Amino acid sequence: MFNGSLTHFLENIYGKDQAVFEYQKKRYEKLIEEHVSIFGKNKLYLFSSPGRTEISGNHTDHNNGKVLAAAINLDTITAVSASGTPHVKLLSNGYKKPFDVNLSHLEAVENEKQTTNALIRGVAARFKALGYKTGGFNARLTSEVLPGSGLSSSASIEILIASVFNELFNDGKISAMEMAKIGQFSEINYFGKPCGLMDQLTSAVGGIIGIDFINHENPLVEKLDFSFSDYGYKMVVVNTGGSHADLTEDYASIPAEMKKVAQYFGKSVCREITMGQVMNDLKRLTEKVGDRPVLRAMHFLEENGRVENQIKAIKENNFAEFLKLVQQSGDSSIKLLQNIYSIKYPSEQKISLALAVTEDFMKTHDGGACRIHGGGFAGTILTILPDHNVKDYQKCMGRIFGDNSVIVLGIRSNGIVSLNLS
């Protein structure tokens, strides 16, 4: 089944390590066999879309800030064939029936919110609005970017769906930036979750990237040459088991409160104000907008500078400084941004617990850095540790959060990739 082009496709995504290659080969063989069994033998395409990790820039993109993020070696993959019908049928692992979206009806459907159908319909609707082509297709999909893991499973799927429409019906002419914007549109307007553009852009572009959202319509993206393994460290996330299901209000409050502070100064976003302005008018500002919005705006202003300094540290091979800034970013999320737990559920503080245990672990295991990962309030933390301490850390956290709670990540150099099997 595997020819030279398929081998090159896998090596390009996953590298040449033999064990990894064999694992991915079996994964794709099974995917192709299942697609043919379910949908018949047709002209096939393969797609792979990575999840993402946020390293710094926590909740800054929605106020035109700066972030440091990376595509990861966990991905969503699919085997696809055009159907010649107006329907997108997508069968995902864990579901008995395909998600089915009729492309003749692209208005948002209220009871589809928070579903894969909503993501598909939203991407298709935006394609049509922008004058691009869409068409029906059948897809067998499987993903290692688990929902609720904080690794942006929704963005991974959005970019994958956009890429299918792009490759099958638009000659691959749509840029990674445009597909990221389409994915964001779908998540906000159809899936029903407020989000910035970081997740989608990182999955589309790949690698470790600095993103400057000073212009949201045309953010600046800088791809960096960096690997944790070069310094003898690994990046891991710890899934604390919390759910994001009822946290939309918590997420939405962050950009809204930051913008209240900007509006106090006659601006629309925090990128347009300075820390000096905030500090010079602090008493009246807190009286007008409240304490937490001001603290969150202070986080934004300091976090932008941290991202700049982290990029500088990477370019200068100053890993110790880079680690210190990761830890500072995490501390700011706790003290200023305050997205460690939901005030609606004050007794549920799995993130706080995971960070406390991790910091205690690092005191006796050669240091490292830890921080909230992604949106926060529940879900995962990010930890960066020396290679030789990862197994002990897995045992330590496994006793609290479960045997499979610690996921070791690698940075993936590719964003969304596809292969025409014909």
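## A walk along strand 2

Start by selecting Lys 66 and Asp 212: these two stand opposite each other, with Asp 212 sitting in strand 6. Keep in mind as you click around that this is a predicted model.

Now widen the selection to strand 6, residues 208-212. Strand 6 and strand 2 run antiparallel, and five bridges join them.

Next, colour the whole of strand 2, residues 66-82. Is this strand mostly enclosed or open to the outside? Of its 17 residues, 15 are buried, so strand 2 is largely enclosed by the rest of the structure. "Buried" here means that a residue has under 20% relative accessible area.

Who else pairs with strand 2? Select strand 1, residues 45-56. Strand 1 and strand 2 pair in the antiparallel sense, over ten bridges. For a spot to zoom in on, pick Leu 46 and look across to Ala 79 in strand 2, which stands opposite.

Then bring up strand 5, residues 137-143. Strand 5 is also antiparallel to strand 2, and seven bridges join the two. Click Val 80 and you'll find its bridge partner in strand 5, Ala 139.

Leave the strands now and go hunting for cysteines. How many disulfides does the structure hold? Zero. To see one case, select Cys 370 and Cys 396: the closest cysteine sulfur to that of Cys 370 is the one in Cys 396, and at 12 Å it is too far away for a bond. A disulfide would need the two sulfur atoms within 2.5 Å.

While you're there, note that Cys 370 is buried, with a relative accessible area of 1%. Finish on Cys 270, which is buried too, at 0%.

Conventions: Residues numbered from 1 in each chain as written. Predicted model: local features only at pLDDT ≥ 70, side-chain atom pairs only at ≥ 80, totals over all residues. Heavy atoms only, no water. Buried < 20%, exposed > 50% of the residue type's maximum accessible area, 1.4 Å probe, protein only. Helix = DSSP H or I, 4+ residues; strand = E, 2+ residues; numbered from the N terminus. Pairing = 2+ DSSP bridges.
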